[in-house]
Protein chains: 2
Amino acid sequence: METRRDVFQAIADPTRRAILGMVAKEATNVNAIAGQFEVSRQAISLHLKILAECGLLQIKQQGRERICEARLENLAEVNRWVSQYRKFWTNKLDALENYLDTTFSTDSHEKSGENIEGK
Amino acid sequence: METRRDVFQAIADPTRRAILGMVAKEATNVNAIAGQFEVSRQAISLHLKILAECGLLQIKQQGRERICEARLENLAEVNRWVSQYRKFWTNKLDALENYLDTTFSTDSHEKSGENIEGK
DNA sequence: TATATTTGCAAGCACCTACTTGCGTATCAT
DNA sequence: ATGATACGCAAGTAGGTGCTTGCAAATATA
């Protein structure tokens, strides 16, 4: 059982999703983020570390402050995985949506191989 | 720290994602699923239980077998959350994609309130 | 009926996670 | 220089997670 630290695990925690929601609107420093939650600054600091480790967040030192800004590109991985099952929750205009996804997106959807990725 | 059991956490585990990949192709019984992984049947059984608890899987008793079939409708929640950050990883045709998502999907995207859901 | 198959349940274990409190350090303001 | 501010590091803790092995129950097959 090796330690996983991927995007899927990062967004599994509701606090971390909320943090991403905050910094996505505006880059914020650590204390300002912590102030929005009831848990301690240390707890938030750890969440930030985890988010930074999988690239969803970038922390820039600025004097004595650390500004956290969202880097949500890696969410594309989640989007890709979920999108392959799109037909399960909607059956309208699948063809058109998939056409748009696979044709115009920067990331290549349906790269395959992710299905049996769980070893 | 109450126990969470939501879709985000369910798909955080790579083994569970792989299980979903299997059953999405074809409904399968427990042993057949377990046979595809190196972990014990009990471990898989627990994964199945978790997936069933958050509605991603439906287990139907059939004689002595339990057939697991994918019910991935709840992945729409993940899709909705991720989609709001789509602009972070692609900037092509956002408007059109969002238009299609919000107009023709069965689920109402951007239901709001999920942003600051982390308490 | 005897045996094999499919499966759940329960106990136990190592590790991970989310959290706390206490303390130290760098930076800024006065 | 002095004090306040922003922050990381370290230690400690309760409970969660992923896994195992052993056993029992239900169903199918011989």
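## Partly exposed acidic and basic partners in chain A

A:Glu73 has a relative accessible area of 36% and is therefore partly exposed. In this predicted model, A:Glu73 pairs with A:Arg71 in a salt bridge, and their closest N and O atoms lie 3.6 Å apart. The partner, A:Arg71, is likewise classed as partly exposed, at a relative accessible area of 32%.

A further salt bridge joins the side chains of A:Glu69 and A:Lys60, with an N to O separation of 3.6 Å. For A:Glu69 the relative accessible area is 24%, so this residue is partly exposed. A:Lys60 is partly exposed as well, with a relative accessible area of 38%.

## A pair between chains

B:Asp6 and A:Arg17 also form a salt bridge, in which the closest N and O atoms are 3.8 Å apart. This pair crosses between the chains: B:Asp6 belongs to the segment before helix H1 (7-10) of chain B, while A:Arg17 is part of helix H2 (residues 14-25) of chain A.

The relative accessibility of A:Arg17 is 2%. Because buried means under 20% relative accessible area, A:Arg17 counts as buried.

## Salt bridges in the whole structure

Over all chains, a search of the whole structure finds six salt bridges. Among them are the pair of A:Glu73 with A:Arg71, the pair of A:Glu69 with A:Lys60, and the pair of B:Asp6 with A:Arg17. In general, side chains of opposite charge can pair when their charged atoms come close.

Technical notes: Residues are numbered from 1 along each chain as its sequence is written. Chains are lettered from A and ligands numbered from 1 in the order in which they are written. This is a predicted model: local features need pLDDT of at least 70, side-chain atom pairs count only at pLDDT 80 or more; totals for chains, interfaces and linings use all residues. Side-chain values use heavy atoms; hydrogens and water are left out. A salt bridge is a side-chain nitrogen of Lys or Arg within 4 Å of a carboxyl oxygen of Asp or Glu. Helices (H or I, at least four residues) and strands (E, at least two) are DSSP runs, numbered from the N terminus. Buried means under 20% relative accessible area, exposed over 50%, partly exposed in between (1.4 Å probe, protein chains only).
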